[in-house]
Amino acid sequence: MPTERLFSTANRWFRLSVGITAALVILTALGGFILLPYAQSDLKVAGLWDAICSAAGIPKLTSSASSVQPTFKTSDVIMTSAMLANPSSESIGRGATLAQQCAICHGPTGVSRADSPNLAGQYPAVIFKQLKDFKSGARTNAVMSPFAPHLTDQDMVDLAVYYHYLPRLPAYHPTQKIPAPRIVINGAPMRGIAPCGSCHGGLDNKTGSPWLEGQSAAYMKAQLRAFADGARRNDISQQMRNIARAMTAEEIEEAANYYASQPPDEYSAAR
Amino acid sequence: MLNSRRLILAHFWLAFAVFGVALVLGAWQMFIRSPLHTWISDPEWYYRSLTAHGTVMGYVFPTLIAMGFGYAISESSLKQPLIGRRWAWAGFGLILVGAVTAMVPVSLGRASVLYTFYPPLIGSAFYYIGVVLVVVGSWIWVALMSINLRIWKGNNPDTPVPLAMFANVAGAYLWAWTAVGAALELLFQILPVALGLKSTIDAGLARVFFSWTLHAIVYFWLMPTYIAYYTIVPRAIGGKLYSDTMGRIAFVLFLVVAMPIGIHHAFADPQVGAGFKFIHSAFTAMVALPTLLTVFTICASVEIAGRLRGGRGPLGWIAALPWNNPIMLATAFSFVLLGFGGAGGLINMSYQLDTTIHNTQWITGHFHLIFGGAIVIMYFAIAYDLWPHLTGRTFDSFRLMRLQLWLWFVGMIITTFPWHYVGILGMPRRMAYFDYTDPALASEAMSVTMSALGGFILLISGALFILILIRGQRSPAMEAEEYRFSMAVHPPASVPVALNSYGLWLALMIGLTVTNYGFPIAQLALRQGTSVPAVYIGAQ
């Protein structure tokens, strides 16, 4: 074989391949970064550099006007699955003391007789987020809102881990167990509704979603309706508002009655 | 000269065994989400099965085929015993251990994230570690192919590298570089989260890294098929390869343009700028070039065979071809499926046209047509061609092989054509459950049913294929002649150094990676506040 140098401008293959590749890169870059931004009539570019930055995907404020602010308080809690994992026993103990003021509604064992949520064994991140939202005003409730302003972040952590520590007890008012309705196991894909069970247990659990078995049907219906009409809006990325708005009144009824009839001890978090 | 028969057979057998299992899962998935079956009420089982199907079919099966075929090519084309056979066994062992490590958490439902990972979904760390082991095992193969070629070149400084080995090592280098994207995503992004060291992940950056791997991996899957086109088909049908040079050019072109085009998988992703999407779209069009070169060269080679067999006139040579030869049949089927798949691909790579079918079942239909159709049917052909040389036993029934190939061809068309159609109707992909009683979906029920029936035909064909291999293994022993590859009409006496080495093309491949991926990756990696909380499978 002839000993020709490959990486040399004397080599025809080198010249051609590098030349064609470079030409392609330059041509496509001109097309993508200059021609296309100018060709789009709805994209207003302030000049060549602006066009290039826009096509390169550098975020910019497209308007000098300030962004629209919501007329209500939005939740500022960021949920992660590592939240409140491995609590200390001191924290649980402090939570038990603090929880005395909650017992009148949520029950001394965390199981309510007043159509308030049962908190015994609930995920700590769920309780913590709701307390934070009550304090910030992202969620409002005539009974809960006055309690929250006095709680520090540590108080909320303590309460959350204490209630999580309590054993899940059968609900006070369980009805006969009823079969799972379609909305719980299938959802309604054509209306963009995921199955309730894919976040709230049964099929899967998602961070930030409470388990619902044995909760008061009246409470769950009230919350779904509040999500649907926008009275409650502290859900992450509007997940529950979008779902509740698309649910029919019968589906709300079925889902709430179904979950209320399920004993929590049958629920298994880790499958 | 096939000395490492046991090694090669082990690769092929493991490949086809896992392929058989994944095929059953695939058929089951098509069945349970079709109107033929009442909904199983738990989508998790569907995604669990889908993850296993994709992981096996995407990573384990084709990698093993490329490796086994690669070792066979190295020995028989270079006529030199495989150097580093122990390392090759170690690579095989890593793939076996990796596949098991990945599949255990998938079977337990702890890693139903699909084979494309989809962060912020995070499954069990063992799943990702298993996939990493599979990739590391394949990198041993890459190194061995490179070393074997280097040593051969040292001993044969004046002989051009045989086309089969030239293409094989091009495929190995392509895989080595293309796997880097997913490796970066796994090692630096997903595994720290899966191991609990972090709880947030930059999903946008992860998708860009994965796109680096996701498109070129198709060309890695395609390499054995293209090598078979060039170096097995002309010989098997009694012809000659029309042009050795054309083959070399096609393979180096794949090396250069297969990789810096992956962002066309992310056309709907907001984190990548439109300019880069356009560049990737334009470069995707370039991969048509090596494919068209190949179609031309192989058609010309087949015509030579037809004319040598007495075919006359502009089309008379087609009738004269050895249609009862399974390799001929497989090649024709592969070309037809590649034609349809390629035509669909033109829609996918167009920035605007893609919006009509993005994330629909069209895409699923497309990649099954290309991979399951055009590519895998040639894997069958490779196995049929190599088997007697590996086992030292003869095949007794070409009729059964033809039936198997026909079933696969027909089954793949019945599966994927309706799949494309429902995609145009807007049926989304990656969905477990469809309510066909809804008037809006009722019109899709017939197509989905047809598609599921096609899946069963494929399952029968797959079972038949394994049966043929088993029969081949148990048939009477024979003295196999030396395994050889196609001769070119003009065998290469002297080849330009550019077409006998890889330096230039690897430099262009890496250069294009920098121009086409450098900025999007750097921008996303440096920007703060782009991470989102991980969503762990089955965790609260």
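**Exercise 1. Classify B:Asn359 as buried, partly exposed or exposed, and describe its setting.**

Solution. The relative accessibility of B:Asn359 is 34%. Buried requires a value under 20% and exposed a value over 50%, with partly exposed in between. B:Asn359 therefore counts as partly exposed. The model that supplies this value is predicted. As to setting, B:Asn359 occupies the loop between helix H13 (354-357) and helix H14 (361-391) of chain B. Its backbone deserves note: phi is near 60°, a positive value in a residue other than glycine.

**Exercise 2. Determine whether B:Gly529 is buried or exposed, and locate it in chain B.**

Solution. The cut-off for exposed is over 50% relative accessible area. B:Gly529 has 76% relative accessibility, so it counts as exposed. This glycine belongs to the loop between helix H18 (503-526) and strand E3 (532-533) of chain B. Its C-alpha atom is separated by 29 Å from that of B:Ser281, a residue 248 residues apart from it along the chain.

**Exercise 3. Assign the geometry of the ring pair B:Phe117 and B:Tyr127.**

Solution. A pair of aromatic rings is described by the distance of the centres and the angle of the planes. Rings pair if their centres lie within 6.5 Å, and planes over 60 degrees apart count as edge-to-face. For B:Phe117 and B:Tyr127 the centres are 6.2 Å apart and the planes stand at 75°, so the pair is edge-to-face. B:Phe117 sits in the loop between helix H3 (85-107) and strand E1 (121-122), whereas B:Tyr127 sits in helix H4 (residues 125-155), 10 residues apart. Both B:Phe117 and B:Tyr127 are buried. Over all chains, the structure holds 49 aromatic pairs.

**Exercise 4. State which peptide bond leading to B:Pro120 is cis, and where B:Pro120 lies.**

Solution. The bond in question runs from B:Pro119 to B:Pro120; omega is near 15°, and the bond is cis. B:Pro120 is placed in the loop between H3 and E1 of chain B.

**Exercise 5. Assess how the compactness of chain B compares with that of a globular protein of its length.**

Solution. Begin with the fold elements: chain B contains 18 helices and 4 strands. Its radius of gyration is 23 Å, and the globule rule gives 24 Å for 540 residues; the two values are close, so chain B is as compact as a globular protein of that length. Its C-alpha atoms fill a box of roughly 65 × 50 × 45 Å along the principal axes. Of the 540 residues, 63% are buried. Finally, among contacts with a separation of 6 or more, 84% join residues 24 or more positions apart.

Definitions and conventions. Residues are numbered from 1 along each chain as its sequence is written. Chains are lettered from A and ligands numbered from 1 in the order in which they are written. This is a predicted model: local features need pLDDT of at least 70, side-chain atom pairs count only at pLDDT 80 or more; totals for chains, interfaces and linings use all residues. Side-chain values use heavy atoms; hydrogens and water are left out. Helices (H or I, at least four residues) and strands (E, at least two) are DSSP runs, numbered from the N terminus. The radius of gyration is taken over C-alpha atoms; the globule rule is 2.2 Å times the number of residues to the power 0.38. Buried means under 20% relative accessible area, exposed over 50%, partly exposed in between (1.4 Å probe, protein chains only). Contact means heavy atoms within 4.5 Å. Rings of Phe, Tyr and Trp (its six-membered ring) pair if their centres lie within 6.5 Å; planes under 30 degrees apart count as stacked, over 60 as edge-to-face and the rest as tilted.
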